[in-house]
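Hi,

Here is the structure I promised to pass on. Have a look at it first, and then read my notes below.

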Amino acid sequence: MTDIAIEKKPSPETPSLKVPMRVTVLGGGSFGTAMANVASRNGCDTRMFIRDPAIAKEMQETRRNQRYLPDFVMDENLSFTSDIEYAVRDRDLILVAIPSSSFREVLRQIAPFISGQAIVSLTKGIEPDSFALMSDIIREELPQVAYGVLSGPNLAKELMAGIPAGTVIASPSEAVRFAVHQALASALFRVFANTDVQGVELGGALKNIYAVAMGMGAAYHVGENTRSMLLTRALAEMSRFAVRLGANPLTFLGLSGVGDLIATCSSPLSRNYQIGLALGQGKTLAEAVEALGQTAEGINTIRQVRAQAEILDVYMPITCALYEVIYEGKPPLGIALALMQNGHRSDVEFVLPNTTPAS
Ligand SMILES: NC(=O)C1=CN([C@@H]2O[C@H](COP(=O)(O)OP(=O)(O)OC[C@H]3O[C@@H](n4cnc5c(N)ncnc54)[C@H](OP(=O)(O)O)[C@@H]3O)[C@@H](O)[C@H]2O)C=CC1
Ligand SMILES: O=C(CO)COP(=O)(O)O
């Protein structure tokens, strides 16, 4: 990252001072497009890396993302390239919006051209097999870079429509937190800060599991009491798991925790919710994924987290129940009834630890 952004850091008395930043977004799907648009609209010199040259050319000419967000016109200053070196050389910030399954591969492609740019993950998933978070992958592949993760209730279509939203930049580096704020914050987009990278990242990845569950619940027309119970127990479950991995439980009170859980679990715009809805309406997993045609990280996250919870001996009843329904073909209503009979447990276990063994 260049020094300019850091040297001109405004004092709290001069919050409106802005230094234009050079931003690149890797990934031309829904979220990459939405965040590139946020940065460009905010005055950043912004490039998007699209792997298919024909699509990059089409987007440059039409300013539309015909496949992922056809109903929106992108900011007129945004530029598009399929040349990865040109995309990442001499930039301040690289925002990575690539699905978790390809995240490492793309970091390896950019590695030869990285010398001082900060790398920020926008991805909400966990790498298959390794159980690595995106911040782990950045540290492994690019050990010298300043890095962060951005996560929060940020449905791509709402951002494109200019509907106000907030997000969280988590980084051990104050310079990265500041630079991301400077690049993205506006009257339409608030950027909050955290240092609990793992907690923020796990919030974004884990809530996808429960969005699948809530989509399925919607197919069964569950009531508000049931929805609220499921959401709140989801928060208990995800924070329990994340704390076992070293996260701060209080992070889950923030936008990247409860905030994103509410947005993703309540909105038909969420692709994970859409998958759950389709499954609840009787589609097979393959049919639901094919009909969606976009990334729904939750499907893999359910499998990964269930396996990891078993290894770590963390009680994750909702995740395990979903696994049984989706991957073992068990009947959803029977599984839901069994969940309701899981015994007498603490409401908030950081207040009252559970004393009875999990059934
Ligand atoms: N959409 C949303 O509202 C939000 C999404 N996220 C997260 O952002 C991440 C990306 O999601 P999203 O943009 O929505 O996903 P999409 O499915 O909409 O798009 C994925 C994009 O990544 C590209 N891509 C995949 N593999 C590679 C690769 N190896 N090299 C280069 N490009 C590649 C795809 O290219 P191609 O089209 O050529 O396949 C496509 O442009 C996910 O982790 C998601 O959880 C986070 C917040 C909100
Ligand atoms: O993470 C999201 C909103 O914050 C979007 O979730 P989906 O990937 O389910 O669309």
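What follows is a walk through the domains, the two ligands, a few annotated residues and one helix.

One caveat before the rest: this is a predicted model, so please read everything below in that light.

**The two domains**

The domain assignment splits the protein chain into domain 1 (4-195) and domain 2 (205-340). Taken over C-alpha atoms, the centres of the two are 26 Å apart. Where they touch, 21 residues of domain 1 and 20 residues of domain 2 take part in the contact. On the domain 1 side, α7 (156-160), β7 (165-170) and β8 (189-194) supply at least two residues each, and β7 has the largest share with three residues. Sorted by class, that side of domain 1 has nine nonpolar, nine polar and three charged residues.

**Ligand 1**

Where does ligand 1 sit relative to the two domains? Both domain 1 (4-195) and domain 2 (205-340) give residues to its shell, so ligand 1 lies between them. There are 26 residues around ligand 1, and those that come nearest are G29, F31, S102, A156 and T295. Two elements, α2 (30-41) and α5 (100-110), give two or more residues to this shell. Of these, α5 gives the most, with four residues. By class, the shell around ligand 1 holds nine nonpolar, twelve polar and five charged residues.

**Ligand 2**

Ligand 2 has its own set of surrounding residues: K124, P153, N154, L155, N208, A211, D260, A263, T264, S270, R271 and N272. Here the elements that contribute two or more residues are α9, α11 and α12, and α11 supplies the largest share, three residues. In terms of class, the shell around ligand 2 has four nonpolar, five polar and three charged residues. Both domains are involved again: domain 1 (4-195) and domain 2 (205-340) each put at least three residues into the shell around ligand 2.

**The annotated residues**

You may want to set that against the database record. The UniProt annotation "binding site", from an unreviewed entry, covers K124, G152, K207, D260, S270, R271 and N272. I looked at two of these in more detail.

S270 first. This residue is in the loop between α11 (255-266) and α12 (271-280). Is S270 buried or exposed? S270 has 25 other C-beta atoms within 10 Å, and 20 or more is enough to call a residue buried, so S270 is buried. Leaving out residues up to four places away in sequence, S270 touches L155, A211 and T264. L155, A211 and T264 are also among the residues that surround ligand 2.

Next comes R271, which lies in helix α12. R271 counts as buried because 25 C-beta neighbours fall inside 10 Å. Its contacts, again without the neighbours within four places in sequence, are L292, Q294, T295 and A296. One of these, T295, also turns up among the residues that come nearest to ligand 1, while R271 itself is in the shell around ligand 2.

**E201**

E201 is found in helix α9 (residues 197-219). With 28 C-beta neighbours inside 10 Å, E201 counts as buried too. Beyond its sequence neighbours up to four places away, E201 touches L133, M134, S135, V149 and S151. There is also a long-range pairing to look at: E201 and T123 are 78 residues apart in sequence, yet their C-alpha atoms are 8.5 Å apart in space.

**Helix α2**

Last, the helix that came up with ligand 1. How does the length of α2 compare with what its residues should span? At 1.5 Å a residue, the twelve residues of α2 should span 16 Å, and the end C-alpha atoms are 16 Å apart, so the two agree. The helix is mostly covered, with twelve of its twelve residues buried. F31, which is among the residues that come nearest to ligand 1, is one of those buried in α2. The cover over the buried residues of α2 includes β1 (22-26), β2 (45-49), β4 (93-96), α7, α8 (174-184) and β8. After the helix comes G43, with a positive phi near 95°.

Cheers

Notes
Residues numbered from 1 in each chain as written. Chains lettered and ligands numbered in written order. Predicted model: local features only at pLDDT ≥ 70, side-chain atom pairs only at ≥ 80, totals over all residues. UniProt positions renumbered as here; feature names shortened; annotations may be inferred. Contact = placed C-beta atoms within 7 Å. Near = placed C-beta within 6 Å. Nonpolar A, V, L, I, M, F, W, Y, C, P; charged D, E, K, R; others polar. Domains from an automatic or database assignment. Expected span 1.5 Å × (residues − 1).
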